[in-house]
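Subject: Structure for you to look at, with notes

Dear colleague,

I am handing over the structure we spoke about, and my notes on it follow directly below. Please read them with the structure open beside you.

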Amino acid sequence: MIRIVIAEDQRMLRGALGNLLNLEEDITVVGEAANGEEALSLIRQLQPDVCLLDIEMPVKSGLEVAEAIKNERLPCKVMILTTFARPGYFERAVRAGVHGYVLKDSPVEQLADAIRNIMTGKKEVSPELAFGFVQTENPLTNREQDVLRLVKKGKTTKEIAATLYLSPGTVRNYMSEILAKLEVKNRIEAITVAEKNGWI
């Protein structure tokens, strides 16, 4: 029996998904979570075979949960369920070692087959998501992403410099590079473009 934990912040969708998967003879849903922190707690406690994670959840995102699972080496295969075909999300999911990355509008039979496939060691990726990744790769370095995330939080150049152990001049240089790479005029536009593509 394949034991599943579902993490999805929309209660109706979470319940429907759980009920449909429980109809499969070889799948049982052992836990449901409404946010990322709750999901991680359930995964540690229940040790499921597979966890289905929504990306945009309160407290912790599905990608943050996937990264924590990888860092803690928890014996749980990760499948991301998303409505977002954003290349940056896919790139981050690949780095987090997820086993599946599929769109939420897939039929439940297809989802069940994808779960079985990742249990046999295969990777499952919706073609639309992979294609988008090939077309639009993240132009920002890890450090540039760190800088832009702190800008998004409203930090000043001085605060960013202190947080990342850089000089204010270096932070300004990173910001200039970010604006040039994203072909935007200011920080607000940079954040908008990076968020739209899932790069931060």
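What follows is what was found on strand pairing, salt bridges and cysteines.

Please keep in mind throughout that this is a predicted model.

I begin with strand E1 (residues 2-7), which is largely enclosed by the rest of the structure, because five of its six residues are buried. E1 pairs with strand E2 (residues 27-33) in the parallel sense over six bridges, and the chain travels from E1 to E2 by way of helix H1 (residues 11-22), in a β-α-β crossover that is right-handed. E1 also runs parallel to strand E3 (residues 50-54), to which four bridges join it. Ile6 illustrates both pairings, since this residue stands opposite Glu32 in E2 and has Leu52 as its bridge partner in E3.

Turning to charged side chains, the structure holds 13 salt bridges, and Lys104 takes part in two that I would like to describe. In one of them Lys104 is paired with Glu8, with the closest N and O atoms 2.9 Å apart; Glu8 sits in the loop between E1 and H1, whereas Lys104 sits in the loop between strand E5 (100-103) and helix H5 (108-119), so that distant parts of the chain, 96 residues apart, are linked. In the other, the side chains of Asp54 and Lys104 meet at 3.1 Å, N to O, and because Asp54 lies in strand E3, this pair ties together parts that are 50 residues apart in sequence. As for accessibility, Glu8 counts as buried at 4%, Asp54 likewise counts as buried at 4%, and Lys104 is partly exposed at 24%.

A further salt bridge joins Glu67 to Arg92, the closest N and O atoms being 2.7 Å apart. Since Glu67 belongs to helix H3 (residues 62-72) and Arg92 to helix H4 (residues 87-95), the pair ties together parts that are 25 residues apart in sequence. Glu67 is partly exposed, with a relative accessibility of 24%, while Arg92 is buried, with a relative accessible area of 18%. Separately, a network of salt bridges links Glu24, Asp26, Asp113 and Arg116.

Finally, the cysteines: how many disulfides does a search of the whole structure find? The search finds zero. Cys51 is in no disulfide, and the nearest cysteine sulfur, that of Cys76, is 3.4 Å away, which is too far for a bond. Cys51 is buried, with a relative accessible area of 0%, and Cys76 is buried as well, at 6%.

With best wishes

Technical notes: Residues are numbered from 1 along each chain as its sequence is written. This is a predicted model: local features need pLDDT of at least 70, side-chain atom pairs count only at pLDDT 80 or more; totals for chains, interfaces and linings use all residues. Side-chain values use heavy atoms; hydrogens and water are left out. A disulfide is a pair of cysteine sulfur atoms within 2.5 Å. Buried means under 20% relative accessible area, exposed over 50%, partly exposed in between (1.4 Å probe, protein chains only). Helices (H or I, at least four residues) and strands (E, at least two) are DSSP runs, numbered from the N terminus. Two strands pair if DSSP finds at least two bridges between them. A crossover is right-handed if, with the strands pointing away from the viewer, the path from the first strand over the helix to the second runs clockwise. A salt bridge is a side-chain nitrogen of Lys or Arg within 4 Å of a carboxyl oxygen of Asp or Glu.
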